[in-house]
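Got your viewer open? Let's take a walk through this model together, one selection at a time.

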Amino acid sequence: MRKRTRLAAAGGGLLAAAIGIFGVPAVASASTPSPVVGYTYIDGNTAPANTIDGYARHADGSLTALPGSPFTAGGAGLGTGLASQGAIQVTRDGRYLLAVDAGSNQISVLRVTAGGVPVLVGQPESSDGIKPVSVAVSPFGLVYVANSGAGGSNYTGFRLGFNGLLRPVPGSTYAVPDDSGLGDVFFSALGNHLVGTRTGTSEIDSFVVAPDGRLLPAQGSPFTGQGLGQLGAEFSPANPSQLFVTNAHNGAGLGTVSAYFDSFSGQLSSIGSSPYADGQTAPCWVEISHDGRYLFAVNTGSGNISSYAINPGGSITLIGSTPISGGGADIDARLSPDGKYLLVDGSGMHFVSVFAVNGGSLTEVPSSPTPLPAGVTSSAGIVNT
């Protein structure tokens, strides 16, 4: 930004004096930065050393890189796409970030310090599998990782201590076939159910979480998907029995989103006329408004975002789609904690896009998109505090 001239500065002083004389309230300069209200983090998935990109998130939706970003994650990334959702997560209290290190088969835990700077806690923990792609954190400190590599595809559980260290849950590893292509793992809002998607075989794993942290597969699990390529998925924050899953590999213009009822015992049954047409290509990532009324599906193949209204019974109605400026190769999407903004990790185009949220309507903010750091070619996920 250009510096003001001495004349402008003097004029500003005269204006201030006039304000003091006549009692006119001061108006903030147009150059005054919007207040910082939180932080955004991206698992860079950089190779060989993995890094975490950090941004200050402002009240107007704009992003500014944190000093020192990108930060060392501790493990190794792959530098290539993971085809997964949820590669980085934040604990409910905002104290810790958990990020997969897919190139070294580890999970890194970073403590969020003053000014949003993430600092590695201890050393990365082995994921007890090959190529971790997604991680989930329950409200009670239980952590599960989805490993999706040949010779070590599984779900494995850990306990996150108050000090930020991970401890494996004995007997928690649940092996899956190597061709499963795990894409996402996540808990229900109550933490008593866990679901994982199998992108490779178009199936959905559904579990009840036992008191000791181990997984009890539901009768009939894995469930056959309602299309090809189950990838992004999420439980409704307002109704934990409602589950939504994208079907990303149906073909050009044939993407759909499925709605399921998740029973007490973890069995999945279709809601309404599910699956619901998206009309776009490769709906991969899904995010649901905090009040459970709207669903957003990011269409990686079409470079846009589909918005749906979630009806009381769990059926969904397509509202429309919103283009992402320069969109394409989008990796993940997450709402800000206050639900006012949707942030999309478009690492394939080397930027983060930000949209203001008004119900089911999205409007890209004027400052969007924000460039990613040099060297980030295929990040793995995004999260906000």
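Start with a term: a salt bridge is a side-chain nitrogen of Lys or Arg within 4 Å of a carboxyl oxygen of Asp or Glu. You're looking at a predicted model, where local features need pLDDT of at least 70 and side-chain atom pairs count only at pLDDT 80 or more, while totals for chains, interfaces and linings use all residues. Residues are numbered from 1 along each chain as its sequence is written, and side-chain values use heavy atoms, with hydrogens and water left out.

**Stop 1: salt bridges**

Select R334 and E287. Their side chains meet in a salt bridge, 3.7 Å from N to O. The pair links distant parts of the chain, with R334 in strand β29 and E287 in strand β25, 47 residues apart. (Strands are DSSP runs of E with at least two residues, helices are runs of H or I with at least four, and both are numbered from the N terminus.) Are R334 and E287 buried or exposed? R334 is buried, and so is E287. Here buried means under 20% relative accessible area, exposed means over 50%, and partly exposed is in between, using a 1.4 Å probe and protein chains only.

Next, pick R198 and E203. This salt bridge spans 3.5 Å from N to O, and both R198 and E203 are buried. Add D205 to your selection: R198, E203 and D205 are linked in a network of salt bridges.

Now try R214 and D212, whose side chains meet at 2.8 Å, N to O. R214 has 39% relative accessibility, so it counts as partly exposed. D212 counts as partly exposed too, because its relative accessibility is 38%. How many salt bridges does the rule give? The count comes to five.

**Stop 2: the largest pocket**

Keep R334 on screen and add Q89, V90, V137 and E234. Of the 33 residues that line the largest pocket, these five lie nearest its centre. On a 1 Å grid over the protein atoms alone, a pocket is an open set of points with protein on both sides within 12 Å along at least five of seven lines, whereas a cavity is a set where a 1.4 Å probe fits but cannot get out; lining residues have an atom within 4 Å of a point. The pocket holds about 950 Å³ of space. Grid points are joined across faces, edges and corners, and a volume is the space filled by probe spheres set on the points.

Which strand gives the most to this lining? Select β15, residues 182-187: β15 gives the most, with four residues. Other strands that each supply at least two include β5 (88-90), β10 (132-137) and β34 (381-384). By class, the lining has 16 nonpolar, twelve polar and five charged residues. In this scheme Ala, Val, Leu, Ile, Met, Phe, Trp, Tyr, Cys and Pro count as nonpolar, Asp, Glu, Lys and Arg as charged, and the others, Gly among them, as polar.

**Stop 3: strand β20**

Another strand that feeds the largest pocket is β20, so highlight residues 230-235; six of its six residues are buried. Four bridges join β20 to β21 (residues 242-247), and the two run antiparallel. Strands pair if DSSP finds at least two bridges between them. Click A233 and you'll find V245 of β21 opposite. A hairpin joins β20 to β21 through six residues.

**Stop 4: a second pocket and a cavity**

Select T91, D93, Y96, G141 and L160. They lie nearest the centre of the second largest pocket, which is lined by 13 residues and has a volume of about 160 Å³.

For the cavity, choose G81, L82, A83, S84, W285, I331, S379 and A380, which line it. Its volume is about 30 Å³. The lining divides into five nonpolar, three polar and no charged residues.

**Stop 5: the cores**

Last, select Y144, Y155, L166 and L194. They have the most contacts inside the largest nonpolar core, which has 31 residues. Such a core is a set of buried Ala, Val, Leu, Ile, Met, Phe, Trp, Tyr and Cys residues joined through side-chain atoms within 4.5 Å. The largest share of this core, five residues, comes from β11. Apart from it lies another core of 18 residues, among them A248, A282, I305 and L362.
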